[in-house]
Amino acid sequence: MWISKYFVYFVIFSVMGWVYESAFCTIKTGKWQNRGFLYGPLCPIYGVGAASITFIVDEAEAHGLSDPEWWKIFLIAFFGSIVLEYVTSYVLEKLFHAYWWDYSDVPLNINGRVCLPASIGFGIAGLIVVYGIAPLTKQMVGWIPPSWMEFLSLLMMAVVAADTTLTVSVLTHFEQNVISLESTLNQHMDQFVNSIQEKTQEASANFAEERARFSRENLERSIQNMEKTHRLALKRVQGFRSSDKEKEKRVYSREMVLESIKKYIGTGRRS
């Protein structure tokens, strides 16, 4: 029963996190930003963090412990967010060679995965969750009978699982597609080099120009043939990188991918 209850909390908090994240980034950039890892209106990292701190406080109360002081809740949220953000960022980057947030330009950051200002913000958010959002959420779902709570949680699990599977499939397919595009690029450049008669400085400039032109056209052609929902999933990615030195040499940079996606994101396929 308690698993079902906290999974429902997780989904509700994830939706709230998506609303906050999308609204904040939309105001910051001046244009609509659909944030999150999944297709649906969910930011799972917010759901995990908020549900976890709610569970910790509930368990403390259930075992007869006094209500944690506000500074203890702040520290739990502060250090918990550091662990959660760093581990999540590291795992996603290893799996998909991509990242969904980057604090590299923020002071006191660790590998761009976590930073002191954001962690302080999450510490404050922990206080808001414990003293404001969690009690309201409990009241909101408290009227649901246990049997319906089980059914609701199973339904939500199915939806989240399907969403996760689809998102992972798109990202994995894109990774494989990039490898195929690079193979095509290498073959094309071999033919281009063979057609150059003199290895002059001008020829070297032509080589770089041809490489960039063919790379962009090749990538745009691939993205154009994707379904719109697949392009939306890629657009949520903030960038692409890898600890693999060979993959860092890819010509398909973050900027090139995002620019190519923007051409087809609004109206479907371009003519």
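Start by selecting helix 2 (residues 44-62): its buried residues pack against helix 1, helix 3 and helix 4. Helices here are DSSP runs of H or I with at least four residues, strands are E runs of at least two, and both are numbered from the N terminus. Buried means under 20% relative accessible area, exposed over 50%, and partly exposed in between, with a 1.4 Å probe and protein chains only. Contact means heavy atoms within 4.5 Å.

Before going on, note that this is a predicted model: local features need pLDDT of at least 70, side-chain atom pairs count only at pLDDT 80 or more, and totals for chains, interfaces and linings use all residues. Residues are numbered from 1 along each chain as its sequence is written, and side-chain values use heavy atoms, with hydrogens and water left out.

**Still on helix 2**

Show the side chains of Y46, G47, A50, A51, I53, T54, V57, D58 and A60, the buried residues of helix 2. The end C-alpha atoms are 26 Å apart, which agrees with the 27 Å that 19 residues should span at 1.5 Å a residue; the expected span is 1.5 Å times one less than the number of residues. Step past the end of helix 2 to G64, where phi is positive, near 75 degrees.

**Over to helix 1**

Now select residues 2-29. Helix 1 has 28 residues and should span 40 Å, and its end C-alpha atoms are indeed 40 Å apart. Just after it, G30 has a positive phi of about 80 degrees.

Pick Y6 and Y9 next. Their ring centres are 5.3 Å apart with planes at 90 degrees, so this pair is edge-to-face. (Rings of Phe, Tyr and Trp, the last by its six-membered ring, pair if their centres lie within 6.5 Å; planes under 30 degrees apart are stacked, over 60 edge-to-face, the rest tilted.) The two tyrosines are three residues apart in helix 1, about one helical turn. Y6 is buried at 11% relative accessible area, and Y9 is buried too, at 5%. Add W2, F13 and F55 to the selection and you have one aromatic cluster together with Y6 and Y9.

**Into the core**

Which residues touch the most other members of the largest nonpolar core? Select V11, F37, F96, W100, V141 and L171, out of 43 residues in that core. Such a core is a set of buried Ala, Val, Leu, Ile, Met, Phe, Trp, Tyr and Cys residues joined through side-chain atoms within 4.5 Å. Zoom in on V141: leaving aside neighbours within four places in sequence, V141 is in contact with V8, Y9, I12 and M149.

**Salt bridges**

There are four salt bridges in the structure, each a side-chain nitrogen of Lys or Arg within 4 Å of a carboxyl oxygen of Asp or Glu.

- E21 and R35: the closest N and O atoms are 3.5 Å apart. E21 lies in helix 1 and R35 in the loop between helix 1 and helix 2, so the pair ties together parts 14 residues apart in sequence. Both residues are buried.
- R113 and E93: here the closest N and O atoms are 3.2 Å apart. R113 is in the loop between strand 2 and strand 3 and E93 in helix 3, so parts 20 residues apart in sequence are tied together. R113 and E93 are buried.

Stay on R113 and add Y86: the charged end of R113 sits over the Y86 ring, 5.4 Å from its centre. That label requires NZ of Lys or CZ of Arg within 6 Å of the ring centre and within 35 degrees of the ring normal.
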